Amino acid sequence: MRCAPDARTHPEVGGKLGRVRAFGLVAVTIGLIISACTTPVEQAPHVSEPTVDPAFVHGTDRGETDRLAATVVTDVQRYWAHAYPETFGSPWRDLDGGFFSVDTGGTGTAPPCASEPREVEGNAYYCQSVDAIAWDRAALLPVLREHYGDTAVAVVLAHEIGHAVQQRAGLAEGEPLRLEAMADCYAGSFLRWVSDGHAPHLRTDPDRLDDALRAITVFRDPIGTSGHGTAFDRVTAFQHGFTGGPRGCTRVSESDVAEPVDDDPNAPLESVLDTAPMAERFGTAVADLGGRWVPPARSTGCPGAGGPVGFCPSPPTVTADPVALRRTHDDIGDQAVTTLLASRYALAALTELGHRASGADIACLTGAFTAEQPRLSPGDLDEAVQVVLESEAASRGGDGPPLSGFDRIAAFGDGVRSGWGGCVR
């Protein structure tokens, strides 16, 4: 089973009302997707304290979900009040059309760019023609909060206001995938502002950033479709904004690492566990970097090598627990197993090079190997992203403290983009 939603871009609805830019999710599937891939998060302190009264939100029930949403959009607009002039050289203008909370299970009034509440089911979107944002308070935001926490709601709504930023800056036309990546980047820049303690109401911490990335990966494009980008595209765009601010967000684009496919079958675990080609490729990389490669032995275990995969330096041995990897294979996919195994060969390569390996070095070399795999599909790349985000095993064995999922993904992305030489300097 691959944890990829049957996602969609919200269609252009409402005829002449105008174009919709949506985060993209179908509510009918979200509960099944999330329950299959995650467990509900322990409720940390709310990201917002104190909250904002949602009285200004059209259609609000003034409940806890809308209170959080109102707090988020208030702080996002406050962020752009100072970031927009610095980035684009002109004043920010708050949304003219306002904000709409929709009970998609009820019979209330339809928001802009929709003819009935049910059309909003599972979505949050920006309605360009009236400069408004709507969200599903029944089947989207509460589910995100339950499984990913309040930070996920902040990411979704900041993304939608990112489309309003594009509209104001004259950037709202062009390749859809690039526009979605740009909006993810703007959301990342906002979350950095929150994380740095500048927001009037919102509070978050580094642990919640992993939850934000998990939520973003749920909204990736399913196999054979294109609309919002792969998980790799989305999380790396978010991180680009988080680390570099909004000024560079116009330069983000879709990755060309993976080859689009209409089908992406899960290879049998037995074939994935054959790591001879992987060992050969890492050997070539070590030789190119000036080292001498001795292929590690393969075993189901060695002292100190706990977890689904491991590496023992004396003698050099890569271990694999078939039972644990079977679960990874069935829950995420074949590329997730390949990625975990590649991380151990990455550690072996760094050891052969005499390099004091950090967790970031390991994740970086794993990304470099992933980018070079023949016939790598977008689904494969998404599986790699998911396991790197979720599993500490993907960077285990390096010097220093364990990495967060956010930092593992950042290092993995560096390897994908820069290659082997960019990981070992």
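These are my notebook entries on a predicted model, covering a helix pair, a strand hairpin and a few backbone details.

**Helix pair H6 and H7**

I began with the packing of two helices, since a pair of this kind is described by the angle between the axes and the distance between them. For helix H6 (residues 206–218) and helix H7 (residues 231–244), I noted that the axes come within 9 Å and cross at roughly 145°. I recorded the crossing of H6 past H7 as right-handed. On the H6 side I listed Leu209, Ala212, Leu213, Ile216 and Thr217 as the residues that make the contact, and on the H7 side Ala231, Arg234, Val235, Phe238, Gln239 and Phe242. Sorting the residues of this contact by character, I found eight nonpolar, two polar and one charged.

**Hairpin E3 and E4**

I then turned to strand E3 (residues 124–127) and asked which of its residues lie on each side, and whether they are buried or exposed. Ala124 and Tyr126 are on one side, Tyr125 and Cys127 are on the other, and all of them are buried, with both faces of E3 covered. This can be read against the general rule that side chains in a regular strand alternate between the two faces of the sheet. Looking for the partner of E3, I found strand E4 (residues 132–136), which runs antiparallel to E3 and is joined to it by four bridges. I noted Ala132 of E4 as the bridge partner of Cys127. The two strands, E3 and E4, form a hairpin with four residues between them, and in that turn I marked Asp131 for its positive phi of about 60°.

**Positive phi at two arginines**

I looked up Arg62, whose phi is near 60°, a positive value in a residue other than glycine. Arg62 sits in the loop between helix H1 (27–37) and helix H2 (64–88), and I entered it as partly exposed, at a relative accessible area of 45%. Arg375 is also not a glycine, and I recorded for it a positive phi of about 60°. Its place is the loop between helix H12 (359–372) and helix H13 (378–390). With a relative accessible area of 68%, Arg375 goes down as exposed, because the cut-off for that word is over 50%.

**A cis peptide bond**

Last, I checked the peptide bond from Ser314 to Pro315 and entered it as cis, with omega near -10°. Where in the fold does Pro315 lie? I placed Pro315 in the loop between strand E6 (309–313) and strand E7 (316–320).

Definitions and conventions
Residues numbered from 1 in each chain as written. Predicted model: local features only at pLDDT ≥ 70, side-chain atom pairs only at ≥ 80, totals over all residues. Heavy atoms only, no water. Axes fitted to C-alpha atoms, helices over the stretch in contact; angles between N-to-C directions. Left-handed = near helix turned anticlockwise from the far one by under 90°. Contact = heavy atoms within 4.5 Å. Nonpolar A, V, L, I, M, F, W, Y, C, P; charged D, E, K, R; others polar. Buried < 20%, exposed > 50% of the residue type's maximum accessible area, 1.4 Å probe, protein only. Pairing = 2+ DSSP bridges.
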